[in-house]
Amino acid sequence: MDFELKNLRPGDAVAHDEQALAMLLGRDDTGAAFRRQGKGGAALAALLDKARKSGDFGGRPGELLGAWGATGLDAPRLWLAGVGTAEPKDLRRAAVAAVQAAQRSGARTLTLCLARRPGAARLMSIVKGAAEAAYEYTTTKSAAALKKEEEDKPRSRLTRIVLAFEGADDEERKRAFARAVSVARGVELAREWANRPANHATPTMLADAARQLARRHKALKCEVLDAKAMERLGMGALLSVARGAHEPPRLVVLHYQGAAKGEAPVALVGKGITFDSGGISIKPAAGMEEMKYDMSGAASVLGVMQALAETAPAINVVGLMALSENMPGSKATHPGDVVTSMSGQTIEVINTDAEGRLVLCDALSYAARFSPRAVVDIATLTGACVIALGNVRSGLYSNDDALAAALLDAGEAALDAAWRMPLDDEYAEQIKSRFADLANTGGRPAGSVTAAKFLQRFVGEAPWAHLDIAGTAWKSGKSKGATGRPVGLLVHWLLAQADAAPAKKPAAARKAAAAAKTVKAAKALKAVKAAKPAAKTKKAAAKAKS
Ligand code: BES
Ligand code: MN
Ligand code: ZN
């Protein structure tokens, strides 16, 4: 989907020969505001007042009134879309409704026109809503079927969305719009990979996608660890999950550098089980196909890294994707096996279907090597979290109140909400093992909490948070598919950090970047590197091993 920002008033927009036009109007908007506006203002005002008077349009959120070929207007397809009191949530609803109507009409371009200039949050919710409604999965459909679909149903023709309002050309709006589009594209990338079936989204393919992303963006660097490298690092937990699969595992490390090199990064760690059959503790057949989404955490990391590369905030971020299949096979881990994690802790694998925590624990140990200032892991970790929170809020666990608060705030602002869950030590009783340092399951009670308690055993000194997205990363039923959550939450949180960062950080980053261009400066860069206390890095690595 292409997005464009246009400086255009409603009264002018209706006089333009737009293919499809949706007027986003609130409960209190009347014709008076547009009557003297541009060539089409009077006609629009008359239409709106008439619609309000008849009771056919009240500006309520989600309400949509089609006015095809209205008199005095050049835009043939016009919808009045209600936004209530213009809360971001309501604007999103209106954008979704308008996009769906435009898709049914067969238009190629849709213009969303606002009566008032929106702030960054409102702009974001409109762009994200429109993009999410417009996304269509096509990757594994044949060209012939797609062609027929386009002929039968015009849905797939919409390729451009224009956001129009008066004052759209100010710098602040342009910046907010560019950010919104990048977030929307990040969400879309995460959805796309999560939707792809397991034979079209293997660990190798996802690692290649990460490499390609890094090739396209200068600010990104990509390293990929294979099974051999994992063996050398002692990642016995991650490798135990991959044992039963023919597909080899991968650990992707994407570095985004937007600040000075010495600046501690934020680490994101995504669960990337490209198919979760359950392994030897095999899952029932019904609904098992949904386990292709079990790499949604890793896909969200990929989406976030792309959004960062496009928006270039002054922070450093390391994104890890722990990629493996979980399959039964003659080499598969048996229930009862004891494996040794990279941290040195031994784990009794009570249930091979509790594999997410096994790949994540080694990835968390690896993340500690970067001496991060915060670590956030993202995982479709437990069915128990779906039972607890459904598909509305992601489960948030954290050992740090400030980090938890910041993530919760970001979730609210990005319309990608989370809910804090407990981490009392009493819950850890359930993951004690008679045969190893800990067990990978803790029984049915509080299954999402005991999974988080397991992960907590592998985090270093940095503040840590865990997002259980089992209920929020995809929808089942009629509109089944990946949602791209929590890309919105994460990008919002990261950009807010960059915006709030003291001026010296971006300045240092700029200096380092400029410095890198000259020989003299290469030395300066070395100095910046050297400024990072090597002892601390070693200590973190040692800790991760202990
Ligand atoms: N990937 C699943 C979690 C899941 C279940 C996500 C349903 C989305 C919907 C995870 O690997 C898993 O199988 N967890 C088990 C853990 C249990 C064996 C302790 C679960 O939740 O049943
Ligand atoms: Mn599982
Ligand atoms: Zn899983």
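## Zinc site

In this predicted model, the zinc ion (ligand 3) has four coordinating residues: Lys271 through NZ, Asp276 and Asp294 through OD, and Glu355 through OE, at 2.0 to 2.4 Å. The 6 donor atoms around the zinc ion (ligand 3) subtend angles of 79 to 175°, so the arrangement counts as octahedral. Along the chain, the spacing of these donors is K-x4-D-x17-D-x60-E. Distant parts of the chain are linked by one pair of them, Lys271 in strand β9 and Glu355 in the loop between β12 and α11, which are 84 residues apart.

## Manganese site

For the manganese ion (ligand 2), the protein donors are Asp276 (OD), Asp353 (O), Asp353 (OD) and Glu355 (OE), at 2.0 to 2.2 Å. Asp353 thus appears with both O and OD. The arrangement is irregular, because the 6 donor atoms around the manganese ion (ligand 2) subtend angles of 70 to 169°. The donor spacing along the chain reads D-x76-D-x1-E.

Asp276 is in strand β9 (residues 266-276) and Glu355 in the loop between β12 (346-348) and α11 (356-367), so this pair ties together parts that are 79 residues apart in sequence.

## Metal pair and burial

The manganese ion (ligand 2) and the zinc ion (ligand 3) lie 3.1 Å apart, with Asp276 coordinating both. Glu355 (OE) is listed among the donors of the zinc ion (ligand 3) and among those of the manganese ion (ligand 2).

Asp276 counts as buried because its relative accessibility is 3%. Glu355, at 1% relative accessibility, also counts as buried. Lys271 is buried as well.

Notes. Residues numbered from 1 in each chain as written. Chains lettered and ligands numbered in written order. Predicted model: local features only at pLDDT ≥ 70, side-chain atom pairs only at ≥ 80, totals over all residues. Heavy atoms only, no water. Donors = N, O, S within 2.8 Å, 3.2 Å for Na, K, Ca; no water. Tetrahedral: all angles 85-135°; square planar, octahedral: opposite > 155°, others 65-115°. Helix = DSSP H or I, 4+ residues; strand = E, 2+ residues; numbered from the N terminus. Buried < 20%, exposed > 50% of the residue type's maximum accessible area, 1.4 Å probe, protein only.
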